[in-house]
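Reader: Please take one part of this model and go through it closely. I would like the part itself, then what surrounds it.

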Amino acid sequence: MLTKSDGLAILNTPDAELPELMRQAREIRDKHTGKHAQLCSIVNAKSGRCPEDCAYCAQSVYHRTSVPEYALLDTARIVRQGLIAQQNGAHCFGIVTSGRALPPEDIKKVLEAVRLLKVAGIAPAASLGILNKDTLRRLKDAGLNRYHHNLETAESFFPNICTTHTYAERAATARAAKETGLELCCGGIVGMGETKEQRVELVLAIAELSPESVPLNFLNPIPGTALRRIQPLPRADICRTIALFRFFLPDKNIGVMGGREQLLGEEQNLVFEAGANGFLIGNYLTTSGNSVEADHMLVAAAGLHR
Ligand code: SF4
């Protein structure tokens, strides 16, 4: 069983030893998840006007950004986006909405979209904020495969990035999704000003929840947000963090999501070299992604396959 000090040792790996750390992380990945790459895709189904104050988020009303603002998309449009994701080779398609929690009238529309996606042979996922078990159960009954709800950061750092809801509320929703029998997709954002100790605290908390899938985001500071002046993590630290997650979550699908294109640039192969086995294809919530062809080439170049 790895300890907090093992985690810190990984994050403090000297540059000269980094290639060996990454090789070991790949070895762990290949042993547990094989050569399978997990590709996810999302639709920003309800954008902006969020009353929460998450410091990194372009959709919060507390920040001045140019993010589009719109109410929940109609069901047909969500399903169309799911079909595009399917054609692009995504294994999982997530309906993502802004806000603390989706109101009941919107939940009804999402239930309908989930049913239609399931019929179309698409594995539906959703990220609808803080939900109770009853709503999660209804989503599962409609055919939802997976619920996405990040811890975002370490409990000890959480008040620095959000004051309008608590870490405990986030953890409770993640636990409720698991208890309902849904697959859980739960990760966080690294590089928001937290310490290395807090990065280890986050990975330990995620390991305790044992999600099937772990989205690992690296802060891409968005103009107008409270974290706009944060210096993005250097590439070597991104690699150390991916390796940390692989060592502590050996058999999980670890996908590098936000920040990949902006922070890694021409070296996005580092995602797989450091031990991850997936990423998001297509666009993000408020920023654009690579072309689908470029992403498939990255997967193939790493010796992985869909
Ligand atoms: S992360 Fe979610 S809850 Fe927080 S401000 Fe953005 S949309 Fe709202």
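Author: What follows looks at helix 4 and then at the nonpolar cores. The model is predicted, so local features are given only at pLDDT of at least 70 and side-chain atom pairs only at pLDDT 80 or more, while totals for chains, interfaces and linings use all residues. Residues are numbered from 1 along each chain as its sequence is written, and side-chain values use heavy atoms, with hydrogens and water left out.

Helices here are DSSP runs of H or I with at least four residues, strands runs of E with at least two, both numbered from the N terminus. Helix 4 covers residues 104-119, 16 residues in total. At 1.5 Å times one less than its number of residues, the helix should span 22 Å, and because its end C-alpha atoms are 23 Å apart, the two values agree. After helix 4 comes G121, with a positive phi near 80°.

Buried means under 20% relative accessible area, with a 1.4 Å probe and protein chains only. In helix 4 the buried residues are D106, I107, V110, L111, A113, V114 and L117. An α-helix has 3.6 residues a turn, so residues three or four places apart point the same way. The cover over these buried residues includes strand 1 (38-46), helix 3 (75-87), strand 2 (92-97), strand 3 (124-127) and helix 5 (133-142), contact being heavy atoms within 4.5 Å.

A nonpolar core is a set of buried Ala, Val, Leu, Ile, Met, Phe, Trp, Tyr and Cys residues joined through side-chain atoms within 4.5 Å. The largest one has 89 residues, and I95 and F245 are among those with the most contacts inside it. Helix 9 (residues 235-248) gives this core its largest share, eight residues.

Key
Buried means under 20% relative accessible area, exposed over 50%, partly exposed in between (1.4 Å probe, protein chains only).
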